[in-house]
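Open your viewer, get ready to select residues by number, and take this tour one stop at a time.

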Amino acid sequence: MTGSSVVPQRTYPHGGLSRHPNLPAGERLRVLLVEDDEGDAFLVGELLAETQSAIDLLVATSLNQARQQIAGVDCVLLDLGLPDAEGLDGLRQVLAMSTGAAVCVLTGRQDERLGVDAVAEGAQDYLVKGQVDGVLLSRALRYAVERKRADENARRLREVELRQAESARLERGLLPQPLMDTDQVEVHTFYRPGRHAALIGGDFYDVVQTTPNRVDLIVGDVCGHGVDEAALGVELRVAWRALVLARVPDDEVLPALEQVLMSERRLREIFATVATVRLDLAANRATFRLAGHPPPLLLSGGRVAPVQVPGGLLLGVRPRPPIAFDLAFDTEDWSLLLYTDGLIEGRVGEGPDRLDVPGLGGLVADPRTRGVPLAELPGWLVSRAEELNGGPLADDVAMLLVSRGGGR
């Protein structure tokens, strides 16, 4: 052979090859026999041929040849005594190169213990040369393939369960219980992850009461939709709660939160938007601060309008304290709706138009909302936004609805 190191794929003339051409691909097996003894290889082929086993048998005489033929095979039938690998070392090399294929090992009559050790190393089964017939060999190969598939399915299921458990832990961090005991206001929360591979995104919210007449609220959104962004959202929420409970001055809370974001983010491009509200229940007033976040909506006196809060800069872009905006409520019956932009970025109809803040205000002002209890209003708004979008919203949605008196 000149120059080329490629070994042509060698098919054995027996073993069921081409005997069942009409069988669906899923019912045929491709088996790679790694055996340097021509007599033993011939015997395996004859055993499979006599049972008309629907097995396509390929033969390699060394691990080097097997490496070039292993792609697409369902099972490797491996002799543990090869010229370029001996015993369990050869098995380990085959297992490393055949992550999707089952492996059965062939042992001599005096090496049955080696077969047991091979199964402990990761082989699906072992066969003793001279002690199998065609039916047993064919059955063992098929069982090995099914066992490998079952192992793979169990592994994937375990990975899914671990991811779900991780997501559940993150969700508990993202969706805390409001820390408040006042009956002067009610708080209704809503959270729905987007359709991004069922991963929780970086949206977060929290509610903390520090005195009988002071309640603080936050809604935020870390850009992105993966576990890293969700974890960062949890960190920001926990940091905000700690700062509020520590009675850090209001103007210093968001700058401190920005420091946490900039130190913990994995990329410099990661940013967050935040809306905070401090309620003074005794004075019936609220103080708002926005950092690149859409403004809250005020429901009062039968009207709906965005609170005219200065927008402020995104957290993590160019540090600058947000501007505080004070609002005195005209009545004891009002609600504030805080939300993330996933709610307003859905499309309206077939064109490029988005729902945006005015569109959300229109949904909240819809006469039909009068019949919707306040506790159900966030979910109702998401349903209406999805109707307009023509399907599920692409981004995560978090909402806080805080209400006093009749709430509208």
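A few terms come first. Buried means a relative accessible area under 20%, exposed means over 50%, and partly exposed lies in between, using a 1.4 Å probe and protein chains only. Helices (H or I, at least four residues) and strands (E, at least two) are DSSP runs, numbered from the N terminus.

This is a predicted model, in which local features need pLDDT of at least 70, side-chain atom pairs count only at pLDDT 80 or more, and totals for chains, interfaces and linings use all residues. Residues are numbered from 1 along each chain as its sequence is written, and side-chain values use heavy atoms, with hydrogens and water left out.

**Stop 1: strand β17**

Select residues 397-404, which make up strand β17. How many of the residues of β17 are buried? Eight of the eight are, so this strand is largely enclosed by the rest of the structure. Now show the side chains. In a regular strand, side chains alternate between the two faces of the sheet. Here Val397, Met399, Leu401 and Ser403 point one way, while Ala398, Leu400, Val402 and Arg404 point the other way, and all are buried.

Next, look for the partners of β17. Two strands pair if DSSP finds at least two bridges between them. Add strand β8 (residues 185-192), which runs antiparallel to β17 and is joined to it by eight bridges. To find one matching position, pick Thr189, which stands opposite Leu400 in β17. Then add β16, which also pairs with β17 in the antiparallel sense, over six bridges. Click on Tyr339 here: its bridge partner in β17 is Met399.

**Stop 2: strand β12 and its hairpin**

Move to β12 (285-291). Six of its seven residues are buried, so β12 is largely enclosed by the rest of the structure. Select β11 (272-280) as well; six bridges join β11 to β12, and the two run antiparallel. Ala275 has Leu290 in β12 as its bridge partner.

β11 and β12 form a hairpin with four residues between them. Zoom in on Asn284, in the loop between these two strands. Asn284 has a positive phi of about 55 degrees although it is not a glycine. Is Asn284 buried or exposed? With a relative accessible area of 9%, Asn284 is buried.

β12 has another partner to show: strand β15 (residues 325-328), paired in the antiparallel sense over four bridges. Across this pairing, Ala286 stands opposite Leu327 in β15.

**Stop 3: a cavity**

Keep β11 and β12 on screen and turn to empty space. On a 1 Å grid over the protein atoms alone, a cavity is a set of points where a 1.4 Å probe fits but cannot get out; lining residues have an atom within 4 Å of a point. Grid points are joined across faces, edges and corners, and a volume is the space filled by probe spheres set on the points. A search of the whole structure finds one cavity of 30 Å³ or more, and the largest cavity has a volume of about 140 Å³.

Which residues lie nearest the centre of the largest cavity? Select Asp216, Asp250, Val253, Thr276 and Arg289, out of a lining of 15 residues. β10 (214-222), α6 (227-245), α7 (250-264), β11 and β12 each supply at least two residues of this lining.

While you are here, find Arg247 in the loop between α6 and α7. Arg247 has a positive phi of about 60 degrees although it is not a glycine. Arg247 is exposed, with a relative accessible area of 52%.

**Stop 4: helices α8 and α3**

Select α8 (residues 356-365), where you will find Asp356. At 40% relative accessibility, Asp356 counts as partly exposed. The buried residues of α8 are Val357, Leu360, Gly361, Leu363 and Val364. Seen down the axis, they fall within an arc of 160 degrees, so they line one face of the helix. The arc is that of the directions from the helix axis to the C-beta atoms. These residues pack against β13 (297-300), β14 (303-306), β16 (334-339) and α9 (377-389), where contact means heavy atoms within 4.5 Å.

Finish with helix α3 (residues 88-97), in which Leu88, Gly90, Leu91 and Val94 are buried. Turn α3 so that you look down its axis: its buried residues fall within an arc of 150 degrees, so they line one face of the helix. Around them, show α2 (63-69), β3 (75-79), β5 (85-86), β6 (102-107) and α4 (112-121), against which the buried residues of α3 pack.

Notes. 1 Å grid on protein atoms, 1.4 Å probe; cavity = no way out; pocket = protein on both sides within 12 Å on 5 of 7 lines; lining within 4 Å.
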